[in-house]
Amino acid sequence: MMDPTLAEMGNHLSDAMKILESGKLETEQGQEGRKMSWKEIPGPLQGDGQDVVSILQLVQNLMHGDDEEQGHRMQFVGEQGHMALLGHSLAAYISVLERERLRKLTTRILSDTTLWLCRLFRYENGSAYFHEDDREGLLKVCRLVMNTHYEDFTTEGFTALSSKHPVIYQSAACRPGLGQHLCSQLGLPLSCLCVVPCNTMFGSLHQMDVALLDKLVKDDRDSGKLPLLLIANAGTPGAGHTDKLSRLKELCVQYNMWLHVEGVNLATLVLGQVSSTVTAATKCDSMTLTPGPWLGLPAVPAVTLYRHEDPALSLAAGLTSSQPVEKLRALPLWLSLQYLGHDGIVERIKHASQLSQQLLEHLKTLASIKTSVEDELNSPVVVFRFSHENSAPSSGGSVEGSYAGERDILDAFNRWLGDQLAEQVPLSGVDVVELEDEGTCVRFSPLMTAAALGTQENDVAALVEKLAEMIPLLCCTLRLRQDFRDEVLQQASLSYIEDLNWPGLGVVRFEPRTTDLDEDKRQDRVEKINSDLLKKLMELDTDLNFSGGPEFSEEKNCIFIGIATEDLDVAELVETIMSLGRDIEESGKLFENMTEVVRKGIQEAELQLQKANEEKLMEEGVLRQIPLVSSVLNWFSPVQASVKGRTFNLAEGCLDSTEPVYSIKAQMRKEDSPDSPKANTRRFPGQKLFRRPGAGSDSISETSSVSQLEESFRETLHSQAADEAEVPQERPAHILEETAIADQRVPEGQEAESVETIR
């Protein structure tokens, strides 16, 4: 019968975890308690203590903070996740039991978990070591191997290694820093680490070169060294490829080396159908498993399964422990495995593998996508990359062929593609990976992400849909980069910046034409002009993205133009950038020279205004300047004085008449009228900048509009002349002459004046 105290504690812990996860903890303080922020918590420890509810409230505030500002919550862990989290609390509770009962309980938990894992992953007669750091198991295995080969290692330490230096071999495709970590923790020099290159001529580019490994081991043995251990991959960290494990095992048996295997593909050992390359891992001497991400279990330990006949050496290496508390590390996994059951574990691994196959089938139908998959039938990791090699050339040019910096540009495009897919389809769990041979790629590894994110088939479909939308944009941008470069180089005021790491149309900088400034002032002017130019470009109604570039970009004071569309008019874009830059440059020169010009202009304007006042005084007389007398005189004898408007020209620094200004405004009102020819040259409603018009557009040219206007005006004149001819009276000669002149072409902007003259 179950202990009611233990059952009650388990219920309380489960409820507390659910409350903390949801962030909906109710306190006695009500609304005030819910508003409490971690910034308002007093620092000193309170003397009288706090109740459980208040402490949980504090923990909740520390976990969630201000959700309204952050806009996100912790991921949903599910019931199996709660069981794993509950195991840590139960482990602390069980540790207070009496020693004999604790020993029996921990032995049962450890033996059950080891048996279940060995059967699940087909590892017969194995032992298990549970550890928090996934590298800790391999480190303990290395100590075990050293104790096996060096009998006096436990007593003499590093002096026992002087006779024969140990050598640890690892693949070049292993995760970075693994070998260095082992040497550091074991107290070995880096000369004891040998990195074996992958195949360069035959086979996969991510598999260890077995022939080269054989040669390296022979050379080390001949030089008096001791080959100790080989680290192989069943799913490389980058591309998910598996080494030739069966051939490596034969080599290890030949040279009496220990074979250790790790990788994500080991998860597929629980399935009914497993590839022969992964099945060979069951014959290795040890393997490291990470069931936490595979099954969506938070805070569960990693497991290293190994085979060794001497328990004393295992105890000396730290793989086993006589302390019952350390055996309780397996408790979270023990609870989770029972909750999921055999079928639940297999179902989760199978679901992740099916997601990879689903994505791979869709990627085969997409042009410009190159996949890097070792086993297309069973690989749980899909790595793909945008490449123009397989794409058909579109209208307007082709991007086929090699050119300088092609690899770097494609890497930048794939980096942008991976970031966009991860942002727009977050439940897919894709990320960007750097591979030595392929370059930058996008990786989909559902075994590491699907269980925690809850990835489903519709998420993969959404990923493919977004990818299909972005591929044409990348192809178009890659093709238009050269056109943009050529257009910029034709402009003297623009400089093209070659940035191979920028995923976009290109980078441009506006260069001022002034050369009489020193370098510091010129740099300040370049920075000011390009900063203002970027602001103006960002205000335009266009699909292009303008920015100042990445935060740590080497190029400064530049304008970075993002991904382009198919209908982009590159010539218009460059012309707009240059025109706006010139306007900003001229405005800057105006303000720089304005101080002296305005000062002289104001002095000259004061003299002109003083002269105008004197002329007004001479014209009107002294009496009209007296306030009371002037009103009486103006009433009896009004003055017909013409008012002359003046405007101050900042560019010239002088007073000008306002008559040209009003005449220009009148002319602009005529041009803005619906009948104006220039009114037909405006953009269509909703049409954005830098877009080429469609081939079937019904736009009317300015020339045709002017011709129609002239024809209409001539018909009006002839009809008026015919009406006047019906009147039986003699027409003056000067009217006939004016009518004949009117039949000629009327200059633009003078139609109204000509009509009034005729009338």
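Helices (H or I, at least four residues) and strands (E, at least two) are taken as DSSP runs, numbered from the N terminus. The expected span of a helix is 1.5 Å times one less than its number of residues. The structure is a predicted model, in which local features need pLDDT of at least 70 and side-chain atom pairs count only at pLDDT 80 or more, while totals for chains, interfaces and linings use all residues. Residues are numbered from 1 along each chain as its sequence is written, and side-chain values use heavy atoms, with hydrogens and water left out.

Helix α6 covers residues 99-120. At 1.5 Å a residue its 22 residues should span 32 Å, and the end C-alpha atoms are 32 Å apart, so expectation and model agree. Burial was assigned from relative accessible area (buried, under 20%; exposed, over 50%; partly exposed, in between; 1.4 Å probe, protein chains only). The buried residues of α6 are L102, T106, I109, D112, T113, T114, L117, C118 and L120.

Just after α6, R122 takes a positive phi of about 60°. R122 is placed in the loop between α6 and β1 (127-131), and it counts as partly exposed because its relative accessibility is 34%. Most residues other than glycine have a negative phi. A positive phi is also found at N256, where the value is near 55°. N256 lies in the loop between α11 (245-255) and β5 (258-262); its relative accessibility is 54%, so N256 counts as exposed.

Helix α20 spans residues 519-538. For its 20 residues, 1.5 Å a residue gives an expected span of 28 Å, and the end C-alpha atoms are 28 Å apart, which agrees. Buried positions in α20 are R525, V526, I529, N530, D532, L533, L534 and L537.

Salt bridges were counted where a side-chain nitrogen of Lys or Arg lies within 4 Å of a carboxyl oxygen of Asp or Glu. Side chains of opposite charge can pair when their charged atoms come close. The count by this rule is 20 salt bridges. One of them involves α20 residues K528 and D532, with the closest N and O atoms 2.4 Å apart. Because K528 and D532 are four residues apart in helix α20, about one helical turn separates them. Elsewhere, D134, R175 and E262 are joined into one network by salt bridges that share partners.

A further salt bridge pairs E511 with R522, at 3.1 Å between the closest N and O atoms. This pair links distant parts of the chain, 11 residues apart, with E511 in the loop between β13 (506-510) and α20, and R522 in helix α20. E511 has a relative accessible area of 15% and is therefore buried, whereas R522, at 24% relative accessibility, counts as partly exposed. The side chains of R135 and D133 also meet in a salt bridge, with an N to O distance of 3.4 Å. Both partners count as partly exposed: R135 has 26% relative accessibility, and D133 has 29%.

Surface patches were built from residues with over 30% relative accessible area and no salt bridge, joining like charges within 9 Å and nonpolar side chains (Val, Leu, Ile, Met, Phe, Trp, Tyr) within 5 Å. Accessible areas come from the Shrake-Rupley method with a 1.4 Å probe; for residues, only the protein chains shown count as cover. Lys and Arg count as positive and Asp and Glu as negative, with His and the chain ends not counted. A patch of negative charge on the surface gathers D518, E519, D520, D524 and E527. Of these, D524 is found in helix α20 and counts as partly exposed, at 48% relative accessibility.

Contacts between separate parts of the chain were also examined. V381 lies in the loop between β8 (369-371) and β9 (382-386) and counts as buried, at 3% relative accessibility. The C-alpha atoms of V381 and N265 are separated by 8.3 Å, although the two residues are 116 residues apart along the chain. In strand β9, R385 is likewise buried, with 8% relative accessibility. R385 and V442 are 57 residues apart in sequence, and their C-alpha atoms are 6.1 Å apart in space. L453 is in helix α18 (residues 446-453) and is partly exposed, with a relative accessible area of 32%. Its C-alpha atom is 5.8 Å from that of L427, 26 residues away along the chain.

Methods
Charge placed at Lys NZ, Arg CZ, Asp CG, Glu CD.
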